[in-house]
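Work through the exercises below with the sequence and the 3D structure at hand, and try each task before reading its solution.

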Amino acid sequence: MIPRVLVPVDDSEMAERAVRYALEAHPDAEIVVLHVVGEPSGMMGKAVGLALEDDIQQAAEEHASAVHQRARDIADQYDTEISTEVAWGSPAKVIINRAADFDTVIIGSHGGTLAERLFVGNVAQKVFRRSPVPVTVVR
């Protein structure tokens, strides 16, 4: 049995699939859904916008609220509770740093627009290569 599962999410369909997979594959595990806000873009728009907020943590939580609610709605379908966390920074770096506190990471294969993936790089690929714990990539 895997006791702790980290599921990084964005607002993509693949992230929702990762949440479903985690709930199905590890029904007895503690599942933590992490949304990273403020990812860099080609023009650093979101990261700069978040950095200019008076209360960065509150702004990050507001950005993550809709994504977390969708994850909770999915968990409700499985009659399971999940924990949600928010962080800000480079998604791959944040996820890799948090992964050490978990037994496995389950992540969607891709998310965001093509332009964001070209500028930011594939987060799932970076996590898969650098994670200190096993990673399952969901398609």
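**Exercise 1. Find out how many bridges join strand 1 to strand 2, and place both strands in their surroundings.**

Solution. In this predicted model, begin with the pairing itself: strand 1 and strand 2, the latter covering residues 30-37, run parallel and are joined by six bridges. As a point of reference, look for Arg4, which stands opposite Glu30 in strand 2. Next, follow the chain from strand 1 through helix 1 (residues 13-25) to strand 2, and you will have traced a β-α-β unit that is right-handed. Then turn to strand 4 (residues 104-108), which also runs parallel to strand 1 and is joined to it by two bridges; here Val5 is the residue that stands opposite Thr104. Finally, consider the surroundings of strand 1 (residues 4-9), where five of the six residues are buried.

**Exercise 2. Decide whether His26 is buried or exposed, and name what it touches.**

Solution. First locate His26, which is found in the loop between helix 1 and strand 2. Its relative accessibility is 17%, and because buried means under 20%, His26 counts as buried. Leaving aside residues up to four places away in sequence, His26 touches Ile2, Val5, Tyr21, Ile31 and Ile106.

**Exercise 3. Check the length of helix 3 against the span expected from its residues, and describe its course.**

Solution. Helix 3 runs over residues 56-77, and since its 22 residues should span 32 Å at 1.5 Å a residue, the 32 Å between its end C-alpha atoms agrees with the expectation. The helix nevertheless has a kink of about 45 degrees, which is centred on Ser65. To see which residues of helix 3 are buried, pick out Ala59, Ala60, Ala64, Val67, His68, Ala71, Ile74 and Ala75. After helix 3 comes Asp79, and its phi is positive, near 55 degrees.

**Exercise 4. Determine how exposed Glu85 is, and which side chain it meets in a polar contact.**

Solution. Glu85 is found in strand 3, and because its relative accessible area is 25%, it is partly exposed. Its contacts, not counting residues up to four places away in sequence, are with Val32, Val33, Leu34, His35, His68 and Arg98. One of these partners, Arg98, also makes a polar contact through its side chain with the side chain of Glu85, at 2.7 Å. As a further step, compare positions along the chain and in space: Glu85 and Glu61 are 24 residues apart in the chain, while their C-alpha atoms are separated by 8.5 Å.

**Exercise 5. Identify the buried residues of helix 4 and what covers them.**

Solution. In helix 4 (residues 91-99), the buried residues are Pro91, Ala92, Val94, Ile95, Ile96 and Ala99. The elements covering these buried residues include strand 1, strand 2, strand 3 (83-88), strand 4 and helix 6.

**Exercise 6. Work out where Ser131 lies, and what surrounds it.**

Solution. Start with the loop between helix 6 (123-130) and strand 5 (135-138), where Ser131 lies. Since its relative accessibility is 15%, Ser131 counts as buried. Not counting residues up to four places away in sequence, Ser131 touches Ala99 and Val105, and Ala99 is one of the buried residues of helix 4 from the previous exercise. To finish, examine the side chain of Ser131, one polar atom of which lies 2.8 Å from the backbone oxygen of Val133.

How values were computed
Residues numbered from 1 in each chain as written. Predicted model: local features only at pLDDT ≥ 70, side-chain atom pairs only at ≥ 80, totals over all residues. Heavy atoms only, no water. Buried < 20%, exposed > 50% of the residue type's maximum accessible area, 1.4 Å probe, protein only. Helix = DSSP H or I, 4+ residues; strand = E, 2+ residues; numbered from the N terminus. Pairing = 2+ DSSP bridges. Right-handed = clockwise from strand over helix to strand, strands pointing away. Expected span 1.5 Å × (residues − 1). Bend = angle between axes of the 7 residues up to and from the residue. Polar contact = N/O pair within 3.5 Å; in protein donor to acceptor, adjacent residues only side chain to side chain. Contact = heavy atoms within 4.5 Å.
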